[in-house]
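Here's a quick briefing to read with the structure open beside you. It walks through charge pairs, burial and a few backbone oddities, topic by topic.

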Amino acid sequence: MSQAVGNTALAYARVWHQVDASERVLGKLAERIALVLMGKHKPIYNPSVDCGDYVIVTNCKRIRVSGRKDQELLYRKHTMYPGGLKETPYKDMMVKKPEEIIRHAVSGMLPKNKLRDRRLERLRIFPGSHSGILNANVVRSWHDGTLPQDWNPTQFVKDAPRILPAKYRDRPQHTP
């Protein structure tokens, strides 16, 4: 039996993306973030494997919604006590917890299965422009919601050194 490690692990390597939510429409931004969290932007996509990337969202206080959603949108939660339904309007939620607005929208865009909570754990949201120490992990930064045409994660992973367990041997690299 060969102990060489194939390219499958390289295709599923996780990358950190940074998104600036300033003056972006909530629904369109949530859709793009959900695609990155699921891994649909990668060349190899398998719906049964959790191969999505990390996403850091900054400036979530400056996000906007289209239409009259800022007046009509309500966020509901229940305390599990009788009569415990709590409703919070969009404007109050924007003042108290602006990061929950984006998290709720992205959660609605993700498939409703066992991987949903794990994918949402890879979403980091900050109300201001500073994302702390996580900013050192960012590999790709996209401001308009689309990835560049020349973005190739396999090339990024190919350039990185491979780390293998002690008992495995890497295949020799043949260069002509």
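Arg76 counts as exposed, because its relative accessibility comes to 55%. Its side chain meets that of Glu87 in a salt bridge, 2.9 Å from N to O. Keep in mind that this is a predicted model.

**The Arg76–Glu87 pair**
- Arg76 sits in strand E3 (residues 74–78) and Glu87 in strand E4 (residues 85–89), so their salt bridge ties together parts that are eleven residues apart in sequence.
- Is Glu87 buried, exposed or partly exposed? With 42% relative accessibility, Glu87 counts as partly exposed.

**The other salt bridges**
- How many salt bridges turn up in a search of the whole structure? The search finds six.
- One of them pairs Asp50 with Arg119, whose closest N and O atoms are 3.5 Å apart. Asp50 is in the loop between helix H2 (26–38) and strand E2 (54–58), while Arg119 is in helix H6 (residues 116–121), so this pair ties together parts that are 69 residues apart in sequence.
- Asp50 and Arg119 are both buried.
- Another salt bridge links Arg103 to Glu100, and here the closest N and O atoms are 3.7 Å apart. Why are these two about one helical turn from each other? Because Arg103 and Glu100 are three residues apart in helix H5 (residues 98–109).
- As background, an α-helix has 3.6 residues a turn, so residues three or four places apart point the same way.
- Arg103 is partly exposed at 24% relative accessible area, and Glu100 is partly exposed as well, at 33%.
- Now for the network: Arg14, Asp50, Arg119 and Arg122 are joined into one by salt bridges that share partners.

**A positive patch on the surface**
- Lys77, Lys86, Lys96 and Lys97 come together on the surface as a patch of positive charge.
- Lys96 belongs to helix H4 (residues 90–96). Its relative accessible area is 64%, over the 50% cut-off, so Lys96 is exposed.

**The overall layout**
- The chain holds seven helices and six strands.
- In sequence order, these follow the pattern α-β-α-β-α-β-β-α-α-α-β-β-α.
- The chain has 176 residues, and 34% of them count as buried.

**Helix H2 up close**
- How does the end-to-end span of H2 look against expectation? The 13 residues of H2 should span 18 Å at 1.5 Å a residue, and the end C-alpha atoms are 18 Å apart, so the two agree.
- Which residues of H2 are buried? They are Leu26, Leu29, Ala30, Ile33, Ala34, Val36, Leu37 and Met38.
- Just past the end of H2 comes Gly39, with a positive phi of about 90°.

**Positive phi outside glycine**
- For context, most residues other than glycine have a negative phi.
- Asn59 goes the other way, with a positive phi near 55°. You'll find Asn59 in the loop between E2 and helix H3 (69–72).
- Is Asn59 buried or exposed? Its relative accessible area is 11%, which is under 20%, so Asn59 is buried.
- Met80 also has a positive phi, near 70°, and lies in the loop between E3 and E4.
- At 72% relative accessibility, Met80 counts as exposed.

**Contacts across the sequence**
- Val55 is part of strand E2. With a relative accessibility of 0%, Val55 counts as buried.
- How far from Val55 is Leu123, in sequence and in space? The two are 68 residues apart in sequence, and their C-alpha atoms are 5.1 Å apart.
- Pro111 lies in the loop between H5 and H6 and counts as partly exposed, at 28% relative accessibility.
- The C-alpha atoms of Pro111 and Ala34 are 9.2 Å apart, with the two residues 77 places from each other along the chain. Ala34 is one of the buried residues of H2.

Methods: Residues numbered from 1 in each chain as written. Predicted model: local features only at pLDDT ≥ 70, side-chain atom pairs only at ≥ 80, totals over all residues. Heavy atoms only, no water. Salt bridge = Lys/Arg side-chain N within 4 Å of Asp/Glu carboxyl O. Helix = DSSP H or I, 4+ residues; strand = E, 2+ residues; numbered from the N terminus. Buried < 20%, exposed > 50% of the residue type's maximum accessible area, 1.4 Å probe, protein only. Expected span 1.5 Å × (residues − 1). Patch = residues over 30% accessible without salt bridge, like charges linked within 9 Å, V, L, I, M, F, W, Y side chains within 5 Å. Areas by Shrake-Rupley, 256 points an atom, 1.4 Å probe, with all protein chains shown as cover. Lys, Arg positive; Asp, Glu negative; His and termini not counted. Charge placed at Lys NZ, Arg CZ, Asp CG, Glu CD.
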